[in-house]
Amino acid sequence: MKKLSKILVALALVAAMVMSFVACSGKKSEAQPDSSKADGSTTAAAFDSAATLNGILDNFKADKRYGEYKAMFQNTTFEEKVDGDSILLSISGDEGVSGNYEFKLNGDYLTYTQKTDSEDYVGYSFFMYLKSAADKYLGMDSNLTTGYISGCEAFGVENKYYLTENDEAAGTTTTKLYVAGKWDMPELDTMYVNDKALEYTEPLNKDDINGVINCGKIRVVYYGNKDSVDIIVSEYGKRSDLTYQSVINTVKKLQPSNISVFEKYFTELKEGEDDGFKVTFGLDESLKAEHELEVIDGAEYTVVHFGA
């Protein structure tokens with residue numbers, strides 16, 4: 001039973017990682033990033049593939065989440081290495097987790113290929129850890145790149161940096177991550193939580209639930225039920241109309257009690273309260289502790305509470 005519990009916990013961590021990207025799968029694109037920009041980003045000519053792979057692997061091995069995953073399996077061996085143009089991860093042991101995973105550099109993209117109908121999400125989860133490692137190596141903020149991926153999906157923007165390709169004949173799906181330089185993401189300044197970003201969000205009911213929506217520079221986290229809920233919105237940089245639009249759309253989708261009073265009051269981004277709701281700027285310590293919030297550096301927070 002102890003062995004099974006560890007596997008279930010590990011799978012829960014994997015599921016959390018995968019679900020954070022449930023709406024982030026990029027569409028196939030023939031276009032390539034313009035690596036000739038003189039904006040300080042790495043150009044194709046200067047792209048050192050060996051240094052990049054080793055840099056990504058170093059950050060991957062230092063990732064706290066990966067360390068916590070490995071720590072659950074004391075009698076399992078994890079080996080990570082760069083071999084030619086690939087990052088290889090080998091797991092062996094008798095604790096229920098094992099396998100060999102290859103993350104191959106193909107041109108400017110780090111790739112991971114798996115069977116399209118596979119239910120093994122472990123390899124894809126490791127690929128998401130590698131994405132965070134690549135972000136750190138390239139000097140990018142993972143919150144922004146993750147939000148950009150989601151925002152491209154929500155706003156129909158062609159995503160040249162994170163995409164998937166299906167090979168129907170081979171029955172495989174390849175996920176591709178651009179690692180040859182910093183991403184150019186001007187669309188971040190126009191992305192907010194719209195109806196598409198909320199596609200899989202359900203209205204609140206009497207039961208307590210929580211959820212997360214990423215879109216561009218905006219991250220929405222909510223906790224509670226129809227009669228009492230905290231909606232916490234962060235915007236990277238200064239809060240703006242992107243926060244306002246995200247709050248309006250999220251509240252409309254969640255349908256908490258007293259929504260009609262809120263909609264009459266909240267015609268602009270401002271603090272205040274009325275019957276059944278309260279809007280505040282910033283996070284207080286009690287709220288952070290209550291929800292065990294992971295605070296995003298460089299973001300401003302807006303909190304909407306519905307209930308007594």
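Angles under 35 degrees between helix axes count as roughly parallel, those over 145 as roughly antiparallel, those from 65 to 115 as roughly perpendicular, and the rest as oblique. The exercises below apply this to a predicted model.

**Exercise 1. Classify the mutual orientation of α4 and α5, and describe their contact.**

Solution.
Step 1. Two packed helices are described by the angle between their axes and the distance between those axes.
Step 2. Helix α5 covers residues 142-155, and the axes of α4 and α5 come within 9 Å, crossing at roughly 120 degrees.
Step 3. An angle of roughly 120 degrees belongs to none of the parallel, antiparallel or perpendicular ranges; α4 and α5 are therefore oblique to each other.
Step 4. The handedness of the α4 and α5 crossing is right-handed.
Step 5. On the α4 side, Lys131, Ser132 and Asp135 make the contact, and on the α5 side Ser142, Thr145, Thr146 and Ile149 do so.
Step 6. By residue class, the contact of α4 with α5 comprises one nonpolar, four polar and two charged residues.

**Exercise 2. Describe the geometry and composition of the contact of α3 with α4.**

Solution.
Step 1. Helix α3 spans residues 64-71 and helix α4 spans residues 122-138.
Step 2. The axes of α3 and α4 come within 10 Å and cross at roughly 145 degrees.
Step 3. Helix α3 contributes Arg65, Tyr66 and Tyr69 to the contact, while α4 contributes Val122, Phe126, Tyr129 and Ser132.
Step 4. Sorted by class, the residues in the contact of α3 with α4 are five nonpolar, one polar and one charged.

**Exercise 3. Determine whether glutamine 114 is buried or exposed, and identify the residues that it touches.**

Solution.
Step 1. Glutamine 114 lies in strand β4, which runs over residues 109-115.
Step 2. The cut-off for a buried residue is under 20% relative accessible area. Glutamine 114 has 18% relative accessibility and therefore counts as buried.
Step 3. Leaving aside residues up to four places away in sequence, glutamine 114 touches Asp120, Tyr124, Gly171, Thr172 and Thr173.
Step 4. For glycine 171, the separation from glutamine 114 is 57 residues in sequence and 8.6 Å in space, C-alpha to C-alpha.

**Exercise 4. Characterise the chain as a whole by its secondary structure, burial, surface and contacts.**

Solution.
Step 1. Eight helices and twelve strands are present in the chain.
Step 2. Of the 308 residues in the chain, 46% are buried.
Step 3. The chain has an accessible surface of about 15400 Å², and carbon and sulfur atoms account for 47% of that surface.
Step 4. Of the contacts between residues at least 6 apart in sequence, 60% join residues at least 24 apart.

Conventions: Residues are numbered from 1 along each chain as its sequence is written. This is a predicted model: local features need pLDDT of at least 70, side-chain atom pairs count only at pLDDT 80 or more; totals for chains, interfaces and linings use all residues. Side-chain values use heavy atoms; hydrogens and water are left out. Axes are lines fitted to C-alpha atoms, for helices over the stretch in contact, and angles run from 0 to 180 degrees between N-to-C directions. Helices (H or I, at least four residues) and strands (E, at least two) are DSSP runs, numbered from the N terminus. Contact means heavy atoms within 4.5 Å. Ala, Val, Leu, Ile, Met, Phe, Trp, Tyr, Cys and Pro count as nonpolar, Asp, Glu, Lys and Arg as charged, and the others, Gly among them, as polar. Buried means under 20% relative accessible area, exposed over 50%, partly exposed in between (1.4 Å probe, protein chains only). Accessible areas come from the Shrake-Rupley method with a 1.4 Å probe; for residues, only the protein chains shown count as cover. A crossing is left-handed if the near helix is turned anticlockwise from the far one by less than a right angle, and right-handed if clockwise.
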